[in-house]
Amino acid sequence: MATNSPRFAAFAVSKRALQHCRTSRTASSSPALQCARTFVTTPAKAQNESRSKIDQLSRRVEESERPDDLKSERPRWSYTPEAMKAPFSPHITKKPSRSVWHVNSDPKKLDQMYVRFLGRDGDKLLPEEIKWLAVTHKSFDYGRRGFNDRLAFLGRQAVVLEVAQSILSAAPKPGAVVADEFNRQPFEHPALARLDNFNAQLPHDVVSREKIEQLAIDVGLDKVLRWKPRLPENLAGSGVQVVLNGAVHAIIGAISLQHGAEVAGKIVRERILSQLALQ
């Protein structure tokens, strides 16, 4: 028995070592440990390096957009941001002559249009940047300088509201009351008497696209409009009517945001509806 005890002790030690190796191998091959090794916290040095790279990139963008003369900064409407320019144009023009289209860049000419449209001191109702934005269509410079779609949507609602109120406040129109084919008698009330005017006239009859286009041409809006027609030789086919309507509505929308609905409604009544009534 004495001779077997050292052998038994050596066998026990070897068995424990083998079990330890198997346990460590199983733990190292487990998915949980692999996931824990995969998601390792980024060292502070690497974080600082990535942060410095981002700062350098943002600094380059700021320097590219910074004008040469720091004393007189260029207004946003007058140039395309350098960061939005591609190194080359992927657009292939079939007729290069159609790519040439000149727009107004004179602030004085733009102010004269606002005075003719909005009246005296009309050029002072809006900030300089908004005045250019209201007459800029999304076809100009690929929309990189902003465009007037949202202002036009708001202004269109303001114009329709004023026209609807003018129709309701007018005297009963001939042919407004339509007889019921089943000889039913509708409910009558003095407050509802003029609702039938909508049977004879709707807002789009008063402020049609043709009338708004003619008003825009009369005030010289077509001379300061910033857009790029698809066919320079055929402006009507390029949609100049829709673009002019959008610019007129955008000016009203900008005034509504800048001064409120009351001022915008007054301008619609005095500078649009009164002018359309004379046509």
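This text walks through the fold, two helix contacts, a loop and the largest pocket of one chain. The model is predicted.

Start with the whole chain. Its secondary structure comes to 12 helices and 0 strands. Read along the sequence, the pattern is α-α-α-α-α-α-α-α-α-α-α-α. The chain has 279 residues, of which 28% count as buried. Now take contacts between residues at least 6 apart in sequence. Of these, 71% join residues at least 24 apart.

Helix α11 is a good place to look next. This helix covers residues 240-259, and α6 covers residues 149-169. The two pack at an angle of about 85°, and their axes are 6 Å apart. Angles from 65 to 115 degrees count as roughly perpendicular, so α6 is roughly perpendicular to α11. Which residues make this contact? From α6 come L151, A152, L154, G155, R156, A158 and V159. They meet G246, H249, A250, I252, G253, A254, S256 and L257 in α11. By class, the residues of this contact divide into 9 nonpolar, 5 polar and 1 charged. Glycine is counted among the polar residues here.

Helix α4, residues 107-118, also packs on α11. The angle here is about 80°, with the axes 13 Å apart. That value lies in the range of 65 to 115 degrees, so α4 too is roughly perpendicular to α11. On the α4 side, the contact holds M113, Y114, F117 and L118. On the α11 side, V248, I251 and I255 take part. The contact of α4 with α11 has 7 nonpolar residues, no polar and no charged.

Stay with α6 for one more residue. L161 lies in this helix. Is L161 buried or exposed? Its relative accessible area is 47%. Buried means under 20% and exposed means over 50%, so L161 is partly exposed. L161 also has a partner distant in sequence: V268 is 107 residues away along the chain. In space, the C-alpha atoms of L161 and V268 are 9.8 Å apart.

Now step back along the sequence to the loop between α5 and α6. Helix α5 spans 128-134, and D141 is found in the loop that joins α5 to α6. Y142 has its place in that loop as well. Most residues other than glycine have a negative phi. D141 departs from this, with a positive phi near 55°. Y142 also has a positive phi, near 55°. How do D141 and Y142 stand in accessibility? The relative accessibility of D141 is 15%. The cut-off for buried is under 20%, so D141 counts as buried. Y142 has a relative accessible area of 64%. Exposed means over 50%, so Y142 is exposed.

Last comes the empty space. Rolling a probe the size of a water molecule over the atoms shows where such space is left. The largest pocket has a volume of about 550 Å³. It is lined by 18 residues. Which of them are the closest to its centre? They are H91, T93, R98, S99 and K228. Sorted by class, the lining of the largest pocket has 8 nonpolar, 4 polar and 6 charged residues.

Conventions
Residues are numbered from 1 along each chain as its sequence is written. This is a predicted model: local features need pLDDT of at least 70, side-chain atom pairs count only at pLDDT 80 or more; totals for chains, interfaces and linings use all residues. Side-chain values use heavy atoms; hydrogens and water are left out. On a 1 Å grid over the protein atoms alone, a cavity is a set of points where a 1.4 Å probe fits but cannot get out, and a pocket is an open set with protein on both sides within 12 Å along at least five of seven lines; lining residues have an atom within 4 Å of a point. Grid points are joined across faces, edges and corners, and a volume is the space filled by probe spheres set on the points. Axes are lines fitted to C-alpha atoms, for helices over the stretch in contact, and angles run from 0 to 180 degrees between N-to-C directions. Helices (H or I, at least four residues) and strands (E, at least two) are DSSP runs, numbered from the N terminus. Angles under 35 degrees count as roughly parallel, over 145 as roughly antiparallel, 65 to 115 as roughly perpendicular and the rest as oblique. Contact means heavy atoms within 4.5 Å. Buried means under 20% relative accessible area, exposed over 50%, partly exposed in between (1.4 Å probe, protein chains only).
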